[in-house]
Amino acid sequence: MGNTGMQRFQGKVVLVTGAGSGIGRAIACRFAEEGAAVAVSDIDQPQVSETAAIIRQMGRTTLDIGCDMGNDDDIAQMVDAVLATFDHVDIVVNNAGTGDSNKSFDEVDSALWDRIYAINVKGPFFLTQRIARHMIEKKIAGRVINIASTEGKTNRGGTIVYASSKSALIGLTQGLAFQLAPYDITVNAVCPGLIDTPIWHKGDKMMDMPQGSTIKMVVDASIESMQLKMSRAGRPEDIAGAVVFLCSDDASYMTGQAINVCGGLEYH
Ligand SMILES: NC(=O)c1ccc[n+]([C@@H]2O[C@H](COP(=O)([O-])OP(=O)(O)OC[C@H]3O[C@@H](n4cnc5c(N)ncnc54)[C@H](O)[C@@H]3O)[C@@H](O)[C@H]2O)c1
């Protein structure tokens with residue numbers, strides 16, 4: 001955790017999706033540490049309840065919600081639940097995301113395509129649409145953060161559906177930034193590089209290797225090829241730091257950006 005001692009988000013209400021694990025949990029905890037009330041959601045209810053328990057231990061207000069970001073009704077119910085509990089939302093972080101496990105081009109089928117785009121692109125849009133309508137009505141100078149990926153800028157891993165969905169999320173960020181600027185709502189993306197979280201452990205299981213092997217292999221190869229400039233994997237807290245910056249007053253003139261947090265893996 002950051003341990004910055006700053007309390008920049010006291011009185012603010014934040015909603016973080018995919019907050020049951022990895023980057024989403026770190027973002028939720030960082031906002032709580034800086035004084036916010038944090039609503040946390042995830043498709044995995046036990047995991048997100050665990051995040052809420054951590055936030056409660058920090059002495060902050062929270063609400064945990066089971067929500068599949070690929071399901072419109074779930075999103076609508078989540079927004080209703082958050083507004084019923086907190087009355088308003090200042091910041092939304094679209095963090096939930098899923099991948100296609102490096103499926104080859106001829107293994108990709110329509111169902112996989114629809115599912116990944118529903119979670120990584122359509123869900124973030126419709127959640128933002130609902131929250132932005134509410135922010136506009138309440139005249140809240142809100143913040144929207146989309147967790148994209150450096151893969152959405154340069155496709156190093158070779159995934160087809162995942163990487164293209166993250167490119168779409170960056171495009172969506174720019175369109176929303178354009179349309180929401182008149183209401184003083186900023187919309188930015190954060191693009192993580194190689195961050196050590198459970199998303200990588202699926203690869204370990206598939207290849208029957210000890211936990212942490214896949215990311216270590218990729219990080220080592222990226223250092224070797226001089227693509228990764230800092231010689232370590234990223235930590236979820238590295239991403240949380242960029243997110244809170246983009247939601248702070250210091251970033252009030254930033255919108256439509258896609259900021260890399262990647263140890264120098266991506267430059268543009
Ligand atoms: N870890 C990395 O190296 C990396 C790199 C670039 C981008 N990202 C992005 O960061 C975000 C967080 O990933 P992470 O690394 O923390 O992975 P993670 O697997 O630790 O966490 C992802 C969370 O999202 C939840 N989730 C998955 N599908 C969902 C759905 N349909 N609805 C709601 N929640 C859902 C999972 O249950 C999990 O709790 C993702 O969008 C991912 O694409 C991660």
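Let me start with Asn155, in the loop between β5 (143–147) and α5 (161–180). This is a predicted model, so please keep that in mind throughout. Is Asn155 buried, exposed or partly exposed? Asn155 counts as partly exposed because it has 16 C-beta neighbours inside 10 Å, and a residue needs 20 or more to be called buried. Its separation from Ser167 can be given in two ways: twelve residues along the sequence, and 9.5 Å in space from C-alpha to C-alpha.

Two other loop residues come next, and here the topic is backbone angles. Most residues other than glycine have a negative phi. Asp87 is not a glycine, yet its phi is positive, near 75°. Where is Asp87 found? It is in the loop between α3 (72–86) and β4. Asp87 is exposed, because only 9 other C-beta atoms lie within 10 Å, and the limit for exposed is 12 or fewer.

Met226 is the second case, with a positive phi of about 60° although it is not a glycine either. Met226 sits in the loop between α7 (213–224) and α8 (236–246). Met226 has 8 C-beta neighbours inside 10 Å, so it counts as exposed.

Now the strands. Begin with β1, residues 13–16. In a regular strand the side chains alternate between the two faces of the sheet. In β1, Val13 and Leu15 point one way, Val14 and Val16 point the other way, and all of them are buried.

What does β1 pair with? One partner is β2, residues 37–42, which runs parallel to β1 over four bridges. Within that pairing, Val13 has Ala37 as its bridge partner. Another partner is β4, residues 91–94, also parallel, with three bridges. There, Leu15 is bridged to Val92.

Move on to β2. How many of its six residues are buried? The count is six of six. One side carries Ala37, Ala39 and Ser41, and the other carries Val38, Val40 and Asp42. β2 also pairs with β3, residues 62–66, in the parallel sense over five bridges. In that pairing Ala39 is bridged to Leu63.

Helices connect these strands. β1, α1 and β2 form a right-handed β-α-β unit. β2, helix α2 (residues 45–57) and β3 form a right-handed β-α-β unit as well.

Next, the core. In soluble globular proteins, nonpolar side chains tend to be buried together. In this model the largest nonpolar core has 76 residues. Which members touch the most others? They are Val14, Ile27, Ala28, Val38, Val190, Ile239 and Val243. Take Ala28 from that list. Setting aside neighbours within four places in sequence, Ala28 is in contact with Val16, Ala19, Val38, Val40, Thr51 and Ile55. Of these, Val16 belongs to β1, while Val38 and Val40 belong to β2.

Last, the ligand. How many residues surround it? There are 28, and the closest are Gly18, Gly22, Gly97, Thr197 and Ile199. By type, the shell divides into twelve nonpolar, 13 polar and three charged residues. Which element gives the most to this shell? That is helix α1, residues 22–33, with three residues. We have met α1 already, as the helix of the β-α-β unit with β1 and β2. That is where I will stop.

Technical notes:
Residues are numbered from 1 along each chain as its sequence is written. This is a predicted model: local features need pLDDT of at least 70, side-chain atom pairs count only at pLDDT 80 or more; totals for chains, interfaces and linings use all residues. A residue is near a molecule or strand if its C-beta atom, placed from the backbone, lies within 6 Å of it. Ala, Val, Leu, Ile, Met, Phe, Trp, Tyr, Cys and Pro count as nonpolar, Asp, Glu, Lys and Arg as charged, and the others, Gly among them, as polar. A nonpolar core is a set of buried Ala, Val, Leu, Ile, Met, Phe, Trp, Tyr and Cys residues joined through C-beta atoms within 7 Å. Two residues are in contact if their C-beta atoms, placed from the backbone, lie within 7 Å. Two strands pair if DSSP finds at least two bridges between them. A crossover is right-handed if, with the strands pointing away from the viewer, the path from the first strand over the helix to the second runs clockwise.
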